Amino acid sequence: MNRKGAHLHPMAWVAWLVATLGLLVTTRNPLYLVLIFLCLAIVRAVIPTSAGEAWTLPLSPLLFGALIVPSTSLFNALSIHVGDTVLFRLPAWIPLLGGPVTLEAFVYGALNGLVLTGLFAAFTLVSVALPTRALVRLIPRAFHPVAVVVVVALSFVPSTLRQFQQVREAQAVRGHRVRGLRDWVPLFMPLLVGGLERALQLAEAMTARGFAGADEPIPASMRALVTASLALILGGWLLELGWGQEAGYLLMALGGVAIGYVLWRLGRQAPHTTYRHEPWHPRDWAMVAAAAVALLPLLLLPLAQRMSLYYYPYPALTMPAFDPALALTMLALLAPAILTPGSTSRPAPSVAPDTSYDSV
């Protein structure tokens, strides 16, 4: 049960998430990645679990990493034939895969897999920390109908799993045993019928609330502004990547602000009623300040002082550099563990998930 002021503001969590994603996307230094993972693990262990966990997909970050890290390591090693430490060679006549398989390619693929795992862990942590209603509100109002549809679809996952367990137990009481492909039919048919019934009931309820109303067309001026914004972002990215010009960040920032303006204008066309407003507390400002501190190395320091963030094991493996000052700023990612109310004692999970959505 989420009482007023019982958790951090959703936008404060967004600031923390932006800082975490920015660090993960930027660095490939294994020492910094381990530090970021340590911060994520501490935050996940300390913060109280919200009702948002009721619809989280049944895949933990640990399992995700166990699947993705070996996959990215193998893919990079078989497709990138660069490095001094050759493990073995594949015949040259094999398309794309033929050539030397190096240890350096394995390591860099593993680092990319760790980054993907960190991204998944960060999003999972936010979904666990916030209730479903707050997650829906994070979506721009222009995409609010899409957000409701996605949340409703995700909420069907745990209910479908529970129904499958109930059907399997009921069939087992009747003496049903799964011995072949045909024996799965008595399990899936009740599951399919129950899912269709729930979907029809939900569709009728949402239609009665006017969810299926016609949307206003997007003005041509807004479409042109989106196109220009994407061109600014792409041009700034190419300018920074190809020529190392700091002005590329300014172009990307201008493009992002323009897209935010378009979303705000389109959101004003979508009818939306908020029954309960999230209060903003001083601890939320502290969360935003901590996120800014974590991002300071990426935004303010010159390239020479943040070179330790960029690690490439080619052509030979070397010990990655480590800057204690940069590591100290990354520790600001621990802010949720310190600022979340009740983080020292994890409350008991609520009986029913929070499914109160705003009017659309």
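# Exercises: one chain, three residues

Leaving out neighbours up to four places along the chain, Asn 29 is in contact (heavy atoms within 4.5 Å) with Ser 308, Leu 309, Tyr 311, Pro 320 and Ala 321. The model is predicted, so local features need pLDDT of at least 70 and side-chain atom pairs pLDDT 80 or more, while totals for chains, interfaces and linings use all residues. Residues are numbered from 1 along each chain as its sequence is written, and side-chain values use heavy atoms, without hydrogens and water.

**Exercise 1.** Describe where Asn 29 sits, and state whether Asn 29 is buried or exposed.

*Solution.*
- Step 1: Find the place in the chain. Asn 29 belongs to the loop that links helix 1 to helix 2 (30-46). Helices here are DSSP runs of H or I with at least four residues, and strands are runs of E with at least two, numbered from the N terminus.
- Step 2: Check the surface. Asn 29 has a relative accessible area of 0%, so Asn 29 is buried (under 20%; exposed is over 50%, partly exposed in between, with a 1.4 Å probe on protein chains only).
- Step 3: Look at the side chain. One of its polar atoms is 2.6 Å from the backbone oxygen of Ala 321, and Ala 321 is also on the contact list of Asn 29.

**Exercise 2.** Find out which residues surround Thr 72, and how the helix that holds Thr 72 packs against helix 4.

*Solution.*
- Step 1: Locate the residue. Thr 72 is part of helix 3, which covers residues 61-79.
- Step 2: Classify Thr 72. Its relative accessibility is 15%, so Thr 72 counts as buried.
- Step 3: Follow the side chain. A polar atom of the Thr 72 side chain is 3.0 Å from the backbone oxygen of Val 69. The side chain of Thr 72 also comes to 3.4 Å from the backbone nitrogen of Gly 113.
- Step 4: List the partners. Beyond residues up to four places away in sequence, Thr 72 touches Gly 109, Ala 110, Gly 113 and Leu 116. These four partners also appear among the helix 4 residues that meet helix 3.
- Step 5: Describe the helix pair. Helix 3 and helix 4 (residues 103-129) have axes 7 Å apart and pack at about 150 degrees. Helix 3 is therefore roughly antiparallel to helix 4 (an angle over 145 degrees).
- Step 6: Name some of the meeting residues. On the helix 3 side they include Phe 64, Gly 65, Ile 68 and Val 69, and on the helix 4 side Phe 106, Tyr 108 and Phe 120.

**Exercise 3.** Work out how exposed Val 14 is, and how its helix runs relative to helix 10.

*Solution.*
- Step 1: Val 14 lies in helix 1, residues 10-26.
- Step 2: With 25% relative accessible area, Val 14 is partly exposed.
- Step 3: Compare sequence and space. Val 14 and Ala 291 are 277 residues apart along the chain, and their C-alpha atoms are 9.4 Å apart.
- Step 4: Helix 1 and helix 10 (residues 282-299) cross at roughly 15 degrees, with axes within 8 Å. Helix 1 is therefore roughly parallel to helix 10 (an angle under 35 degrees).
- Step 5: The contact includes Trp 13, Trp 16 and Leu 23 of helix 1, and Asp 284, Met 287 and Ala 291 of helix 10.

**Exercise 4.** Summarise the whole protein chain: how many helices and strands are there, and in what order do they run?

*Solution.*
- Step 1: Count the elements. The chain has twelve helices and two strands.
- Step 2: Read from the N terminus. The order is α-α-α-β-β-α-α-α-α-α-α-α-α-α.
- Step 3: Consider burial. Of the 360 residues, 34% are buried.
- Step 4: Consider contacts. Among those between residues at least 6 apart in sequence, 76% join residues at least 24 apart.

Notes:
Polar contact = N/O pair within 3.5 Å; in protein donor to acceptor, adjacent residues only side chain to side chain. Axes fitted to C-alpha atoms, helices over the stretch in contact; angles between N-to-C directions. Parallel < 35°, antiparallel > 145°, perpendicular 65-115°, else oblique.
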